[in-house]
Amino acid sequence: MTRKLEFAQELIDFIDNSPSAFHVVENVKKELIKNGFVELEASENWKIEKSGKYFVTKNGSALIAFVVGKGDIESEGFKLIGAHTDSPTFKIKPNPEMVEENAFLRLNTEVYGGPILNTWLDRPLSLAGRVTLKGEDIFNPKSYLIDMDKPLMVIPNLAIHMNRKVNEGIKLNTQNETLPLVSMINKEFEKDDFLIGEIAKELDVNVEDILDFDLFLYEYEKGKIVGLNNEFISCGKLDDLAMVHAGIKGLLDSKVNNKTNVMVLFDNEEVGSTTKQGAASPMLRTILERICLSLGKNREDFYRSLSNSFLISSDMAHGVHPNYKQKQDPTSRPVINGGPAIKLSANQAYTTDSISSAIYESICKMAEVPFQKFVNRSDERGGSTIGPISSTQLDIPSVDIGNPILSMHSVRELGGVDDHYYVYKSFVQYYNY
Ligand SMILES: [Zn+2]
C-alpha cells in the first residue's frame, strides 16, 4: 500500500471511530496525549513553557491544540489552522418514542445543519453522542460518551408505486417523513423511556441517574476507498473531518518552531457557529490571550502577537462534478486529486485575499503539492465557512482552503486519496516554516 493510500485509510478509520463531534474531540485528545501533549483546564492557572505541547477542550466538542514556539510570542505570533468537528445529521428530540399503528416504534428527530435528506434513506443508521448523568452537585453533572455501534434503525423510503413522481424530485417533510424506524413492538410495549432504558443498559447505569442527552444519528456503514485505481474516498463527514485529521497530523508531524503552532477545532459550523464552542465565540481569542499571559506577557504583547499571526481556515470545497459541469465557475474548476483549492469570493464569504492566497500558494510550492482555485459561479450563492466568522473575533490575515469533493453534505461524500495527502503535506510545511 502506498503512503497516500495508507493515509486515506487512516482518515476513514478516524471517521468511523468518531460518530459524533464529542467522539472527534475524544479521539483527537487520545492522539495528542499519546504524543506528549498536556491537557490544560480552563478553570486552572496555566504554567506553560516554550517548546511545550498543550491542548484545551470546550464543551467536549471543540479543541485547541498548540505547540509553544521558541521565539518571543509578541514578535513571532501564532500560525493557526482551523477546521470544524460537526457534520449535518439528525438530533434525537426529548421524549422521542412514537408508536405507530400499535406496531412500529419510531424516534422523533430534528435536522442538524443542512444534510441532503434523501441520502439518509434506506440505509442502516446508528446513534452516538453524549449522555448527562447526575453528578456531585447540580452544576457539575457527569457526562459520558455513548456509541450504540450497531445497525439500529432505518428511514424507509416510500415505494415508487405509491409515488410515481418520485424521480421527478421529492420534498421530504422533516417532521414525519425522515423519522427512523427502530423496532416492531407488541401490545404491552411500554414506549415511555424506551431510549433512556437502552442508554442505561449500554452505559450500565441506573435509569434514574440519566438527566439528558445530546444524541445524533450516523451512517453505520464504514467509508471505503473506491475507483479503478483506488483514487476516491467514499465516506461520510469528509466535511470537515478530513481537515481535522490532516490538521492534527500536520501539527503532530511538524517540528517546534519560533512561532507558536495552533490547531483549532470549532464545533457548530453547520448551524452558523454562534455557540460558545463555535467560531463566532471568543473561545479562540481567549485561549490565545491566555497563552501570552501564561508566558509572562501583557495585553499589549498579545495584540502584537496577533499582528504577526496567520490563519488557514480549512473546510472542504466543491470539485467539478462530471454530471453537472455547468454548475462550476467557467474558469476556476478544481478537480478531485488536483490538490487543495484556495477559496475566493468577492463578497468575502471566504476570507482569502491576494496576499493570503499568495502565502498559501508559496507553502504548497515549497511542499511540492499542486493547488487550485475555487470561486462560485457569479449567479450561484455558495456556502461560507469558519474563516470569515473567526475573522470577526480575531483580526488576523487568513486564507480559506479545502479539498475539492463531490456530494457535499450527502451521508456519503466523495473525495480524493491524493488530495488528502497533499493538504497534509502543505500543513506540515506551514507549521515547519
Ligand atoms: Zn464544512
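S20 counts as buried, with 5% relative accessibility; buried means under 20% relative accessible area, exposed over 50%, and partly exposed in between, using a 1.4 Å probe and protein chains only. You'll find S20 in the loop between α1 (3-16) and α2 (21-34). Leaving aside residues up to four places away in sequence, S20 touches A128, G129 and K237, where contact means heavy atoms within 4.5 Å. Helices (H or I, at least four residues) and strands (E, at least two) are DSSP runs, numbered from the N terminus.

A quick word on the model. This is a predicted model, in which local features need pLDDT of at least 70 and side-chain atom pairs count only at pLDDT 80 or more, while totals for chains, interfaces and linings use all residues. Residues are numbered from 1 along each chain as its sequence is written, and side-chain values use heavy atoms, with hydrogens and water left out.

Now for the sheet. It is an open one of 9 strands with mixed pairing, in the order β1-β2-β3-β13-β4-β14-β18-β16-β17. β1 (38-39) and β17 (372-374) are the edge strands, each pairing on one side only. Two strands pair if DSSP finds at least two bridges between them. Here are some of the pairings:

| Strands | Bridges and sense | Facing residues |
|---|---|---|
| β1 and β2 (residues 53-58) | 2 bridges, parallel | V38 opposite Y54 in β2 |
| β4 (residues 78-84) and β14 | 4 bridges, parallel | I81 with I312 in β14 |
| β14 and β18 (residues 398-402) | 4 bridges, parallel | L311 opposite S398 in β18 |

β14 is mostly covered, with 5 of its 5 residues buried. In a regular strand the side chains alternate between the two faces of the sheet. In β14, F310, I312 and S314 point one way while L311 and S313 point the other way, and all are buried.

Several helices sit against these strands. α2 lies across β1, β2, β3 (62-67) and β13, running at about 20° to β3. Helix α10 (residues 417-432) lies across β4, β13, β14 and β18, at about 150° to β4. Those angles run from 0 to 180 degrees between N-to-C directions, with axes being lines fitted to C-alpha atoms, for helices over the stretch in contact. Then there's helix α9 (residues 386-393), whose buried residues are I386, G387, P388 and S390. Their cover includes β4, β13 (260-266), β14 and β18.

So which residues hold the zinc ion? The zinc ion is coordinated by H84 (NE2), D239 (OD), D315 (OD) and D315 (OD), at 1.9 to 2.6 Å. Donors are N, O and S atoms within 2.8 Å of the metal (3.2 Å for Na, K and Ca), and sites may look incomplete because water is not among the atoms. Along the chain, the donors follow the spacing H-x154-D-x75-D. D239 in helix α5 (residues 238-252) and D315 in the loop between β14 (310-314) and β15 (317-318) link distant parts of the chain, 76 residues apart. D239 is buried at a relative accessible area of 3%, and D315 also counts as buried, at 4%.

Last stop: S51, in the loop between β1 and β2. S51 is partly exposed, with a relative accessible area of 33%. Not counting residues up to four places away in sequence, S51 touches V68, G69, K70 and V256. The C-alpha atoms of S51 and S61 are separated by 26 Å, and the two residues are 10 residues apart along the chain.
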